[in-house]
Amino acid sequence: MPQIELRYFWLPVPDETSDYGLVRHAFAGSRLDKGPADDSFCGDTYALATPSEVDWIRAPTCQDCNALLKELKE
C-alpha cells in the first residue's frame, strides 16, 4: 500500500498551556500559504507569529498534533 504524502509544518505559537507561553503545533499545508491564524492538527486555532530561534528551542511540542500525524503516517 503506497504511503500518502502529507504536507505540514511545525511552528511555535502562543499557547497558554505552556509555562513558556509557546507550544510547537503542526499545521496543514505550507507556512507561505497561511494568513495570520490557522487551525492546528489538534483542532485549535492559533495566531501564526514569527518565532525566534530561542522559541524553537524552548517551546515544547504539542503531543496531540504529534500523535495525530503519527497515526496519519501509519
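Let's start at Asp-55, which sits in helix α1, the stretch covering residues 53-58. Keep in mind as you look around that this is a predicted model. Is Asp-55 buried or exposed? With a relative accessible area of 14%, Asp-55 is buried, because the cut-off for that label is under 20%. Setting aside neighbours within four places in sequence, you will find Asp-55 in contact with Pro-12, Tyr-20 and Leu-22. Leu-68 makes a useful second landmark: 13 residues separate Asp-55 and Leu-68 along the chain, and their C-alpha atoms are 23 Å apart.

Now step back to the whole chain. Two helices and four strands make up its secondary structure, and reading along the sequence gives the pattern β-β-β-β-α-α. The radius of gyration is 13 Å, close to the 11 Å that the globule rule gives for 74 residues, so the protein chain is as compact as a globular protein of that length. If you turn the C-alpha trace along its principal axes, it spans about 40 × 25 × 20 Å. Among contacts between residues at least 6 apart in sequence, 45% join residues at least 24 apart.

What about inside and outside? Of the 74 residues in the protein chain, 31% are buried. The accessible surface comes to about 5,300 Å², and carbon and sulfur atoms account for 52% of that area. As for charge, the chain carries 7 positive and 13 negative charges, and the mean positions of the two groups are 6 Å apart.

Next, look inside. In soluble globular proteins, nonpolar side chains tend to be buried together. Which residues make up the largest nonpolar core here? There are six: Phe-9, Leu-11, Val-13, Phe-27, Tyr-46 and Leu-48. Strand β1, residues 8-14, supplies the largest share of this core, with three residues. Apart from this core lies another one of five residues, including Val-23, Ala-26, Cys-62 and Leu-69.

Two members of the six-residue core deserve a closer look. Tyr-46 belongs to strand β4, which covers residues 45-47, and its 10% relative accessibility is why Tyr-46 counts as buried. Beyond residues up to four places away in sequence, Tyr-46 touches Val-13, Pro-14, Asp-15, His-25, Phe-27, Pro-36, Ala-37, Asp-38 and Ser-40. One of these partners, Phe-27, is 19 residues from Tyr-46 in sequence, with 9.8 Å between their C-alpha atoms. The other residue to visit is Leu-48. Leaving out neighbours within four places in sequence, Leu-48 is in contact with Leu-11, Val-13 and Phe-27, and also with Arg-31, Lys-34, Gly-35, Pro-36, Ala-37 and Asp-38.

Finally, follow the chain to helix α2, residues 63-73, where you will find Lys-73. Its relative accessibility is 46%, so Lys-73 counts as partly exposed. Where does Lys-73 lie with respect to Leu-6? The two residues are 67 apart along the chain, yet their C-alpha atoms are separated by 8.5 Å.

Methods: Residues are numbered from 1 along each chain as its sequence is written. This is a predicted model: local features need pLDDT of at least 70, side-chain atom pairs count only at pLDDT 80 or more; totals for chains, interfaces and linings use all residues. Side-chain values use heavy atoms; hydrogens and water are left out. A nonpolar core is a set of buried Ala, Val, Leu, Ile, Met, Phe, Trp, Tyr and Cys residues joined through side-chain atoms within 4.5 Å. Buried means under 20% relative accessible area, exposed over 50%, partly exposed in between (1.4 Å probe, protein chains only). Contact means heavy atoms within 4.5 Å. The radius of gyration is taken over C-alpha atoms; the globule rule is 2.2 Å times the number of residues to the power 0.38. Accessible areas come from the Shrake-Rupley method with a 1.4 Å probe; for residues, only the protein chains shown count as cover. Lys and Arg count as positive and Asp and Glu as negative; His and the chain ends are not counted. The place of a charge is taken as NZ of Lys, CZ of Arg, CG of Asp or CD of Glu.
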